Amino acid sequence: MRNHFAPRIVLKHLFLLLCMAPLLLQAQQDGQQSQSFTLKVNSDLVLTNVVVRDKKTGQIVKGLTKNDFTITENGKPQQIISFDFESVDEAAALNEATISGKAGNIVLGKTGIVTGDALRNHRLVVLFFDLTSMQPEDVERAQDAARNYINKQMQPADVVAVVSLDASLSLDQDFTQNKQLLLNAIDRYSGDQTQGYAPGATSTTNQVEDATAYTPDESEYNDINTDRELYAIASIAKSLNYINQKKALVYFSGGISRDGIENQASLHAAINAAVRANLSIYSIDSRGLQAISPLGDATTGSLRGTSGYNGAALQNNLDANFNSQEVMATLSSDTGGKALFDSNDFAPAFQQMQQDTSAYYVLGYRSTDPRRDGTYRRLTIKVNRSDVKLEYRHGYYAPADFKHSNKEDRERELDEQLASDLPATDVAVYLQALYFRQDDNRYYIPISILVPGSQIPFVKGGDRDKATLDIIGEVKDAAGRRIGDARDTVKLAVDQSQQVRQKNIQYSTSFILPAGKYHLKFVVRENETGRMGSFETDINVPDLRKAPVKLSSVVLASQRIPANKKSDSPLVHDGQELVPNLAHVFRQDQHIYFFYEVYNPAKAAAQATTASVSPAKSKGEKDSPAAPVRVMTSIEFLSNGLKVYETPLVQATQLNDPSRDAVAFQFDVPLTDLKPGLYTCQVNVIDDAGGSFTFPRMALLVRGPVTTPAPGSTPSPGGR
């Protein structure tokens, strides 16, 4: 979900660059040279539950075998390879040990009660309270219904969990048969105990901090809230995917508003996740029976015009109420559950849920259609008896690989990974953030993201290798607020002779931030197979006003490329832009380009005592030269604590970037005289006029030059 509010901090998304640099790790080089064959087997098992009832009495028909059933998928017969009958009447006692889940990252039942065969014949029920959609009186009605079920309707075979959605998705009680634990979890939503109504608690869902910022309309708020609710249902379903038994989700909600097709992707994802997890959703409108007035309720403004007299206002209110229930009805019907609307008695919903899950057959097959296109496949199940009726789910969504996913699904996957607490590791990603001062409290933060070329599956297109990357990122302040983001799709096309798989792809963007502590996270996805990688780190942008020597980041680079003429990056000089070397790995046949800046250096004492105000200049007269400064700097290379090389001392006597009150230093150091090995690089900066100094250090690795491979041999990685 993207940020709909204009950030207070300006995001500057500058440019993309493709660069070829030495590989980062020897392990990557070794991995390139070894090829392995992988056999992939599609083992997706389609499970569907079938309730068989006698047409006359409605009683469950038992004793059927798999030979009594036939299944067709889109009209094609399927072979039943797994068959089971489950009945709560045959449930065995459980030796249970419950746990408390972690808010925002629920995993139901993972380390709680025993799993597998021990859950056989049990009814697994999740009570889901959507607190974001309910008013206090709606919450009370939902609590009363849940308490009534636990105290009066809950059976020995029932195993129940309690989940809520407020500021985050929270597992309030994992699966248990202990009624008191369940009641304690439900009681937390009462009065000021609930997270949403705690004293002093505020909801940030619809909060705008900056009065001058862009304010989205109500429909956009509804889109955001609906996506959150549907993603929560999908998360619950995915956490139950490992349990084969049929599950039921009792969903208490005050209605979900959907804006046309805006929430179609999230609705599809929630239904698909529930169907795959064998989870039926029983939706309950906690608003109960409503008396809809043409004039609206106390939450609406006064009517104007004639709509209150010609029926238009009443029709609008009826339509709004219907629309808020339509998504809940879709969730229930498409997952094999039922929806209960416009009733103050919620007990029938629990009765229906228990009746649907009391006894059923579980049929499993592997589809004869191997396509992973995500399309809807219709199921038809028949029994070789005419005196029964069947209840079952009439279809499912086929597995979908990345190539068959649509644009909405792909964007949703990126957003979900960006918000996930778990890192994506299928693609190796490396990130570096630097800082350069623009004025007293604004800093230019260039971000470099590196992906080894070996991680990207290039495809041949004519005489070029082609690939596409999706990149998404965000920056949060110390309070966890999202203040900037980045989103880009990068199309790569390189000559096959460049052997890009032995090199690196580097992407650059930037932010403008004040001094402070921030958290960066970026996600990279290659669009051939959909594999993703993420990198996140904390950065500290120092307040240089308090530093004796106001020094920027020190950039080490091995390449310079033609710069964008409109770029305002400090890394651009004389039409060339430095490409930061993230790994600090260089070759003997390369040069190291150093770059750093010193801000507000002290003025020479003599100049300070004789400074005077210049008279007004006549037309064409040049500015007076900047007041002289005296900053000295050099760079040392240390090996095993001994200095093995030092650049000549450079002295600056004036600002070379007066607009930012900065002295910029650039060094070009050839590495031919340095032996391969690990070095400590020390940058010496002395502000002689101010009597201050600093000596930052960093590690770097120098490797031998690339040798031309013999005919038929594998080329050495790391070439330019």
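In the predicted model, T48 stands opposite L363 of strand β12. This residue pair belongs to the pairing of β2 (residues 46–54) with β12 (residues 359–365), which is antiparallel and extends over five bridges. Both strands are part of an open four-stranded sheet with antiparallel pairing, in which the order is β5-β12-β2-β14. The edges of this sheet are formed by β5 (80–87) and β14 (388–392), each of which pairs on one side only. On average, neighbouring strands of the four-stranded sheet are turned by 30° against each other, direction ignored.

Strands of a sheet pair through backbone hydrogen bonds, in either a parallel or an antiparallel arrangement. An open sheet of six strands shows mixed pairing, with the order β8-β7-β6-β9-β10-β11. Here the edge positions are taken by β8 (169–176) and β11 (339–340), and each of these strands pairs on one side only. Within the six-stranded sheet, β6 (residues 123–130) and β7 (residues 158–165) pair in the parallel sense, over eight bridges. F128 stands opposite V163 of β7.

Two helices that lie across strands of the six-stranded sheet are described next. Helix α2, comprising residues 136–153, lies across β6, β7 and β9 (247–253). The direction of α2 is at about 160° to that of β6. Helix α8, comprising residues 347–356, lies across β6, β7, β9, β10 (279–285) and the edge strand β11. Relative to β10, α8 runs at about 170°. Strands β6, β7 and β9 are thus crossed by α2 and also by α8.

How values were computed
Residues numbered from 1 in each chain as written. Predicted model: local features only at pLDDT ≥ 70, side-chain atom pairs only at ≥ 80, totals over all residues. Heavy atoms only, no water. Pairing = 2+ DSSP bridges. Contact = heavy atoms within 4.5 Å. Axes fitted to C-alpha atoms, helices over the stretch in contact; angles between N-to-C directions.
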